[in-house]
Amino acid sequence: LWNRQVVEAWSRRQQDSNNSNNNSNNNNNLVTFFGDPSGEFTRACGMELPDIPHLGLYGRSKRFVMYVRDGIVKYVAVSEGKTDDHDDDSNNDNSNSNSNNDDPTGELDPTATCAPAVLEALAKLRAEESK
């Protein structure tokens with residue numbers, strides 16, 4: 001749930017790294033950033049992080065990336081591990097990280113929402129769509 005200032009700063013940094021001008025409405029940007037200070041969009045998408053008092057997390061969003069084209073969600077990825085608040089689920093394989101049992105924010109393994117994984121997924125999506 002980011003406020004406007006955070007989103008604008010990230011957008012400027014993205015543009016700077018692409019040697020673009022600092023116009024946040026530049027359609028040549030790879031990423032379009034949206035703020036959601038009220039959390040309305042986050043809740044509607046089911047991406048609200050449950051409050052986790054022992055970690056001091058209240059009113060936050062999950063670590064997620066969403067690819068939307070022409071108003072249609074084409075791809076969603078979420079980085080999150082099990083929390084102590086969830087029942088043990090033997091079908092949830094978190095064996096790749098010994099500390100993942102208390103990682104609801106995806107801090108320990110944000111791989112699914114980092115650029116390499118997202119770009120790979122989008123390349124596969126593009127290949128499927130071109131068939």
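A salt bridge is a side-chain nitrogen of Lys or Arg within 4 Å of a carboxyl oxygen of Asp or Glu. With that in hand, a good place to enter this predicted model is a network of salt bridges that links R69, K74 and E129. The structure holds 6 salt bridges, and several of them serve below as guides through the fold.

The general layout comes next. The chain contains 3 helices and 4 strands, and their order along the sequence is α-α-β-β-β-β-α. Of the 131 residues in the chain, 24% are buried. Among contacts with a separation of 6 or more, 44% join residues 24 or more positions apart. The chain has an accessible surface of about 9,500 Å², and carbon and sulfur atoms account for 46% of that surface.

The hairpin of β3 and β4 is a helpful landmark. These two strands pair in the antiparallel sense over 7 bridges. Two of the pairings can be followed by eye: V65 has A77 in β4 as its bridge partner, and R69 is partnered with I72 in β4. The turn of the hairpin has 2 residues between the strands. One residue to look for there is D70, in the loop between β3 and β4. Most residues other than glycine have a negative phi. D70, a residue other than glycine, has a positive phi near 50°. Its relative accessible area is 73%, so D70 counts as exposed.

Helix α3 runs over residues 115-129. At 1.5 Å a residue, its 15 residues should span 21 Å, and the C-alpha atoms at its ends are indeed 21 Å apart, so expectation and model agree. V118, A121 and L125 are the buried residues of α3. Viewed down the helix axis, these buried residues fall within an arc of 65°, and therefore they line one face of the helix. An α-helix has 3.6 residues a turn, so residues three or four places apart point the same way. What do the buried residues of α3 pack against? Their neighbours are β3 (63-69) and β4 (72-79), the strands of the hairpin. On the other side of the helix, P116, L119 and R126 are exposed.

Helix α3 also takes part in charged pairs. Side chains of opposite charge can pair when their charged atoms come close. Within the helix, E120 forms a salt bridge with K124, with the closest N and O atoms 3.4 Å apart. These two residues are 4 residues apart in α3, which means that about one helical turn separates them. Both are partly exposed, E120 at 47% relative accessibility and K124 at 49%. A second pair reaches out of the helix: E129 forms a salt bridge with R69, the closest N and O atoms being 2.9 Å apart. This pair links distant parts of the chain, as E129 belongs to helix α3 and R69 to strand β3, 60 residues apart. E129 is partly exposed, with a relative accessible area of 35%, and R69 is likewise partly exposed at 32%. E129 and R69 are also the residues that join K74 in the network described at the start.

The loop between β4 and α3 has its own ties to the strands. R63 forms a salt bridge with E107, and their closest N and O atoms are 2.3 Å apart. R63 lies in strand β3 and E107 in the loop between β4 and α3, so the pair ties together parts that are 44 residues apart in sequence. R63 is partly exposed, with a relative accessible area of 29%, whereas E107 is exposed at 53%. The loop between β4 and α3 also holds T105. Is T105 buried or exposed? With a relative accessible area of 17%, T105 is buried, because the cut-off for that class is under 20%. Beyond its sequence neighbours up to four places away, T105 touches L49, L57, R63 and S79.

A final stop is K62, in the loop between β2 (60-61) and β3. K62 is buried, with a relative accessible area of 18%. Leaving aside residues up to four places away in sequence, K62 touches G46, M47, E48, L49, V78 and E80. K62 and G46 are 16 residues apart in sequence, and their C-alpha atoms are 9.1 Å apart in space.

Technical notes
Residues numbered from 1 in each chain as written. Predicted model: local features only at pLDDT ≥ 70, side-chain atom pairs only at ≥ 80, totals over all residues. Heavy atoms only, no water. Expected span 1.5 Å × (residues − 1). Buried < 20%, exposed > 50% of the residue type's maximum accessible area, 1.4 Å probe, protein only. Arc of directions from axis to C-beta. Contact = heavy atoms within 4.5 Å. Areas by Shrake-Rupley, 256 points an atom, 1.4 Å probe, with all protein chains shown as cover. Pairing = 2+ DSSP bridges.
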